[in-house]
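Student: I am new to this structure and would like a close look at a single part. Please start with where the part sits, and then go through it slowly.

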Amino acid sequence: MSVEKISGGVTLVRVDDIDTDQIFHQSLLTIHDPEEIKPHIFGNLLGYENFRKENHENKIMVVGKNFGKGSTRQQAVTGFIAYKILAIIGESFGPIYYSNAVNSGLLLIEAPGISEFAISDQDTLEVDFVTSTITNTNTGDSLRCKPIPKPVLDIISAGGLLELGKKSK
Amino acid sequence: MTGFTLVEKIVKSHSDVSDEEIYPGNILWIDLDLVTARDYAGPQVIDLFQKNYPGSETFDNDKIIFTPDCYPYGNDPKHAIDQEKIRVFAKEHKIRVTDLGSGIGSHLLFRRGYAKPGDIAFGADSHYNILGALGILGQGAGDVMLAFSIKTGKSWIKIPETIKVVIKGDYKWPTTSKDLALYVLKLLHEYGITGKAVEFYGPIISKLSIEDRVTLCSLITEASGVIGFVPPNDITAEYYKQFNLETKTIVADENANYADELEIDIQDLGLYVACPPHPHNVKPIEEVLGTEIDSIVIGSCTNGTATDIKQAAEVLKNNKTHENLRLGIVPATREDFVELNLDGTMATILEAGGNFFGAGCSTCARGQYGLTGGKTTVTMTTGNRNTQGKIGPGDVYLASPIVAAATAIKGKIAIPEKKGD
């Protein structure tokens with residue numbers, strides 16, 4: 001993927017401290033097929049039960065603080081990849097979730113202040129990784145995000161961590 | 001130059017980079033001492049390994065363990081087949097499996113001496129950072145990382161900033177390390193330790209037992225922290241003597257680069273309960289006294305050791321659990337089970353109306369206990385998560401084994417008055 005700039009419509013999930021049991025519940029952990037994971041995403045997050053019915057393809061999802069805190073379950077990342085979500089922007093992410101996402105090639109963008117940044121359902125966001133800037137193209141407002149570390153870009157560019165493992169003897 | 005924190009020292013000793021590259025925020029490749037996976041994640045790790053690296057050997061079969069602890073009883077076809085996949089792969093690759101009834105993987109790593117201070121262990125468990133209680137850099141990881149790691153023996157880590165937390169003061173019965181852990185969780189969550197490591201210091205910390213250290217460190221995940229360390233000391237060294245393992249002294253440098261230093265005064269600390277719907281929603285017990293509870297589970301990697309369960313038994317002794325309430329006990333490991341049996345604790349709890357379930361992760365993964373009820377069932381556990389809907393649709397409170405025992409007798413959240421006699 002291009003890692004210089006992305007843009008897309010938005011999926012807003014502006015809730016702090018969403019944990020992995022709210023993203024993909026523990027009772028479903030024998031499910032591994034991405035298409036089977038999809039309908040269960042946010043199935044245990046009050047107010048977001050209809051997430052499964054909406055189209056999230058090529059959207060940028062905006063979340064709050066500590067997104068993905070909790071367990072190590074990979075399904076909580078795989079589900080968003082199955083929806084073809086471009087990237088997730090949040091105030092902060094659970095550290096294990098961050099690593100799981102990078103390893104699977106899902107881009108997470110840390111942007112302190114995103115919770116107060118005005119975005120509506122109909123807006124389009126553009127993220128420039130060279131300047132580390134998020135722009136709402138409808139309002140013209142911008143917000144700085146943290147730069148994506150180079151090793152993270154390397155893993156994502158390679159198509160995920162498992163691809164790097166193929167080069168190892 | 002500036003010295004190194006504990007996490008920086010451990011990372012440095014497991015990578016081949018220069019001192020200049022050891023700083024918070026930098027991402028480094030590290031060599032792992034131990035890679036594990038449990039019954040959730042394990043089968044998927046194996047699938048990813050076989051699909052991406054067909055015909056490959058693992059990096060070192062002696063440094064891999066499968067630790068089925070979530071659902072090892074395999075009492076439905078899907079789980080049973082997943083378990084089988086682990087056993088077949090492990091046999092083919094000569095990998096150790098801590099199978100049925102062995103207990104929680106993270107606990108076995110120290111209870112059986114599989115990992116020691118200064119080591120790095122990655123596993124499919126977000127509470128692997130409880131190993132910080134022994135100076136081990138334990139980290140939870142997902143399927144993809146673990147499949148990569150069992151092939152290469154490597155992982156990557158973003159060096160976290162470290163917050164030095166000095167605990168001042170002391171507490172006494174019925175307050176325990178769980179109340180300390182809940183109180184500290186509340187403060188650290190408010191402060192914000194997402195992606196950060198913590199080192200605990202203070203006179204009370206250096207004399208905590210291994211079990212108490214584990215309880216304290218087990219709630220760091222709930223504040224989205226990377227790990228909490230209790231620096232290894234003579235108590236840690238003494239613990240490892242049972243395995244004839246000499247442990248190296250590993251301490252942070254005097255001039256280590258801490259992002260911040262906090263002092264927390266816990267003199268005469270009271271009892272605390274985490275209230276729905278988040279672990280960090282911690283309140284003094286007085287605010288929720290009298291809340292009716294239908295089901296209690298004592299167990300989990302936070303409070304499932306023999307030491308924890310004995311504390312509950314001291315309160316339950318010569319008492320009966322309330323007629324409207326069910327009490328389940330899930331020891332963390334087989335070793336804890338044996339200990340409870342040898343000194344009569346099991347009989348004390350059974351006579352009081354409690355029930356024992358096979359060793360393992362307890363309600364956190366449903367494998368030993370299942371749901372505690374429907375929408376109207378209110379649960380108390382000694383675990384670490386009360387997220388809405390996790391254990392069941394009803395409310396969940398988190399408390400210490402002593403508070404759980406007192407509550408089990410009264411049928412509502414209660415303060416223990418005295419140890420039973």
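Tutor: The part to look at is chain A, and we can begin where it meets its partner: 37 residues of chain A are in contact with 35 residues of chain B, two residues being in contact if their C-beta atoms, placed from the backbone, lie within 7 Å. This is a predicted model, in which local features need pLDDT of at least 70 and side-chain atom pairs count only at pLDDT 80 or more, while totals for chains, interfaces and linings use all residues. Residues are numbered from 1 along each chain as its sequence is written, and chains are lettered from A and ligands numbered from 1 in the order in which they are written.

On the side of chain A that touches chain B, at least two residues each come from α1 (20-23), α4 (95-104), α5 (150-157) and α6 (161-165) of chain A; helices here are DSSP runs of H or I with at least four residues, strands are runs of E with at least two, and both are numbered from the N terminus. The largest share of that side, six residues, is supplied by α4(A). Sorted by class, the side has 10 nonpolar, 21 polar and six charged residues, where Ala, Val, Leu, Ile, Met, Phe, Trp, Tyr, Cys and Pro count as nonpolar, Asp, Glu, Lys and Arg as charged, and the others, Gly among them, as polar.

Turning to chain A as a whole, we find six helices and seven strands, and from the N terminus on these elements run β-α-α-β-α-β-α-β-β-β-β-α-α. The C-alpha trace of chain A spans about 45 × 45 × 25 Å along its principal axes. A compact globule of 169 residues would have a radius of gyration near 15 Å, and because chain A has 15 Å, the two agree; the radius is taken over C-alpha atoms, and the globule rule is 2.2 Å times the number of residues to the power 0.38. Among contacts in chain A between residues at least 6 apart in sequence, 67% join residues at least 24 apart.

Of the 169 residues in chain A, 46% are buried, which is to say that 20 or more other C-beta atoms lie within 10 Å of the residue's own, whereas 12 or fewer would make it exposed and a count in between partly exposed, with C-beta atoms placed from the backbone. Strand β5 (residues 124-128) of chain A shows how burial can follow a strand: A:Leu125 and A:Val127 point to one face and are buried, while A:Thr124, A:Glu126 and A:Asp128 point to the other and are not. In a regular strand the side chains alternate between the two faces of the sheet.

This strand has a partner in β1 (residues 5-12) of chain A, with which β5(A) pairs in the antiparallel sense over five bridges, strands being paired if DSSP finds at least two bridges between them. One of the residues concerned is A:Ser7, whose bridge partner in β5(A) is A:Glu126. Strand β6 (residues 133-136) of chain A also pairs with β5(A), in the antiparallel sense and over four bridges, and there A:Ile134 of β6(A) stands opposite A:Val127. The hairpin of β5(A) and β6(A) has four residues between the strands, and in this hairpin A:Ser132 takes a positive phi near 55 degrees.
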